[in-house]
Amino acid sequence: MLDPLILGEWWKSFLEGLGLSSGWIILINAVVVTVILLGFGLTSVLFLIWLERKLAARVQDRLGPNRLGPYGLIQTVADALKLMTKEDITPDNAERITYNLAPGLSVFAVLMLLLVIPFGPGLIGVDLNIGVLFIVAMGSIGIMAALMAGWSSNNKYALLGAFRAVAQLLSYEIPMVLAMAAPVILAGTMRMNGLAEAQGGGRWFGLVMPAMFIIYILAALAENERTPFDFLEADSEIVAGYHIEYSGLKFAWFFLGFFLNTLLLASIATTLFLGGWQGPFVKQVPILGPIYYFIKTTVIIAFFMWERATFPRLRIDQMMAFAWKVLVPMGLVLVLAAAAVAKLPVGTALQSVILFVVNVVVLLVALGAIGRHLRKEAERYKVEVRPMPTMS
Amino acid sequence: MLNSYAVVGVYLLIALAFPFVVLYIVSFLRPSKPNPLKNSTYECGMETIGDTWVQFRAQYYLFALVFVIFDVEVVFLYPWAVAYNKLGLFALVEMAIFIGLLALALVYAWKKGILEWQ
Amino acid sequence: MIPLSWYLAVAAVLFVMGFYGVLARRNAIAILMGIELMLNSVNINLLAFWRYVHPTDVAGLVFAIIVITVAAAEAAVGLALFIALYRLRDTVNIDEVDLLKG
Amino acid sequence: MVLQGVFIIVSLFTLLSALMVVTHRNLFISALFLVSTFFGVAALYVLLEAEFLAVAQVLVYIGAIATLIIFAIMLSRGMMQGRTSPYNAQAMWAGIGSVVLGLLLLYVVAFQVDWPVTDAKVPADTISNLGAALVGHYVIPFEVASVLLLAALIGAVMIAREKEY
């Protein structure tokens, strides 16, 4: 009943009916999958940019885009057209080939991730055996793109921006990977679809391991260079990060990569921690799977956007210390805790409860440590914390 | 297995080609009127002073070092995590020793002040 | 099916290129890159033999992982040495760095 | 047929990148070609159905080692411009020696040895087996790897730190 996979079955039998050899069927299928995924990614980015502007505007008591189309929905399309026809400047000092390769590579690194996101039961580009690690590996190509952009621009600030961005990405990759390891331990597989399947019956890993989920979300914010980790856009410090010399469509590629990354990090969070396409009645009515997936992902994206419009930026030393001194130790402890609890000779339900308690305890300890450190720092610099003067 | 990687390969080629093909097509649509001032290095309108290759502090390298250690750890951690359900208690103890040694590395870096951003 | 000797041939050529890089380059970091190429070719060999001779055992994979680990450790220490060397001598060209000549 | 074509393309890509690594004058470009070589080798691993090793290759070699190399290049500035020759005095002899060695290796690989090849398939749960082997049969290398990483970090930090001279 209403299974999106039926369409796939029909398509497969249609191709076989044409009398093609298996090699051609694989090729045609691959091209179709590619076109669907790319189309989905690019259109959703157009929508996400609109959503971000609209949400930020609402938070700041503005209207946001409202001229083109209903609620300004077409505004992003117009912006894209404008960026396409804008003059594209390549600085004379730039290393031309590397300079032109970098934006494309940064889009490519993010586009690859679309391949392993399960949108519904079995509705996934390719269910790789190494799904989770594939995501992490593609992140390193994004790091290379940032280094290439910074170096080839031949601009001090671009290079400095690239170095800071890479230091940030590297630092937050470790907590992210540790957070992603815990669901793998519980599910016993790295396949993304398998991870979503393992969370049936409301045993979402994000509910079982809230601290891990929080670590992942924080690391995702940093990987995506969103506030409070938006050092890339720290205008007052480094002009505009590694893509300062880029204009026109090449700049648009970095921008596209940024929003695609938002979508994908939210998708991964949904799959690993919020049950992916799991939800009530999804067994009977598989078409509900993609709907649940989209609802959950949209909630996380909305959270990302809301906090971007709300919070100020951290200091860079705070940002690095937070990754290495708080998130990594927490991640190491929680990975071992998840493994230890999984070996306890009690039922799955009780294990989940114990794991939840352990997570909450670790989270509270970490928060306590941060609070003590901040109080000490405030004492050392004799910062007086006074309540805000109220309007009278 | 190789069949599923055929999809990955095709996707990889198209996803790699896509941004560059679009860039190429669009290059016919947009104006191109370069002049020396426009093409100079962007730096708040000032002339660039000195070489671009300002020397970077070893700070960045030290952060990358700690990262490398934990990145290699991931390669050991994930197969262990996949196999964990079918292994006995010894798997937990051995991984605890492994992670404990790496935690020592983290503690060392912490004490030596590598993790402070100066 | 691809013959095993193709993989071995590619690994051999890669090894020789790394070998040339180690012997011929002046810059220490370029030499390190040559060493990484050689280690990669060794890994290709290990995995090719694993795949074609004993795919049901995981020994080849374990060896390859250990090689990767050693390569990472080697790069970390080696590059740290070059950075220290650069700080002392202002160069990392190995034929200019001759400690006996002071 | 298709597989062999893919293999030839991938290995040509890998080897050409490797050639650029050892011959390019600009060290940064050299490092970028090193990245593409690593990527090509990862593709070869996929063809060998060692998908976990392929992803480990990208993760460690591109994500960690290549980044480390690029950071080190940036830290010692001025040495990427090709002001002087990138080759040392023995480059010609090195070239001749490498070509001879390469021909010798190719001769041995292609004609001398009859490798005992089996038709066995790679089991579907290879990654799980690998994880079990790492804490089972190969537990000593596994723990030694951890000690090695610890020692490497301590050593590298001692050497590369700016203070305490």
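The exercises below, each with a worked solution, concern a predicted model.

**Exercise 1.** State how many helices and strands chain B has, and give its pattern along the sequence.

Solution. Start with the count: chain B has three helices and zero strands. Next, read along the sequence, which gives the pattern α-α-α for chain B. To finish the description of this chain, 36% of its 118 residues count as buried.

**Exercise 2.** Describe the side of chain A that touches chain D.

Solution. First, count the residues in the contact: 18 come from chain A and 14 from chain D. Second, find the helices of chain A involved: helix 5 (131-152) and helix 6 (156-187) each supply at least two residues of this side. The largest share, eleven residues, belongs to helix 5 of chain A. Third, sort the side of chain A by class: 14 residues are nonpolar, four are polar and none is charged.

**Exercise 3.** How is helix 2 of chain C oriented relative to helix 2 of chain D?

Solution. Two packed helices are described by the distance between their axes and the angle between those axes. Here the axes of helix 2 of chain C (residues 28-53) and helix 2 of chain D (residues 27-47) come within 11 Å and cross at roughly 5°. Angles under 35 degrees count as roughly parallel, so helix 2 of chain C is roughly parallel to helix 2 of chain D.

Now list the contact. Helix 2 of chain C contributes residues including Ile29(C), Met33(C) and Leu47(C), while helix 2 of chain D contributes residues including Leu27(D), Phe38(D) and Tyr45(D). Sorted by class, the residues of this contact are 13 nonpolar, three polar and one charged.

Notes. Residues are numbered from 1 along each chain as its sequence is written. Chains are lettered from A and ligands numbered from 1 in the order in which they are written. This is a predicted model: local features need pLDDT of at least 70, side-chain atom pairs count only at pLDDT 80 or more; totals for chains, interfaces and linings use all residues. Two residues are in contact if their C-beta atoms, placed from the backbone, lie within 7 Å. Helices (H or I, at least four residues) and strands (E, at least two) are DSSP runs, numbered from the N terminus. Ala, Val, Leu, Ile, Met, Phe, Trp, Tyr, Cys and Pro count as nonpolar, Asp, Glu, Lys and Arg as charged, and the others, Gly among them, as polar. A residue is buried if 20 or more other C-beta atoms lie within 10 Å of its own, exposed if 12 or fewer, and partly exposed in between; C-beta atoms are placed from the backbone. Axes are lines fitted to C-alpha atoms, for helices over the stretch in contact, and angles run from 0 to 180 degrees between N-to-C directions. Angles under 35 degrees count as roughly parallel, over 145 as roughly antiparallel, 65 to 115 as roughly perpendicular and the rest as oblique.
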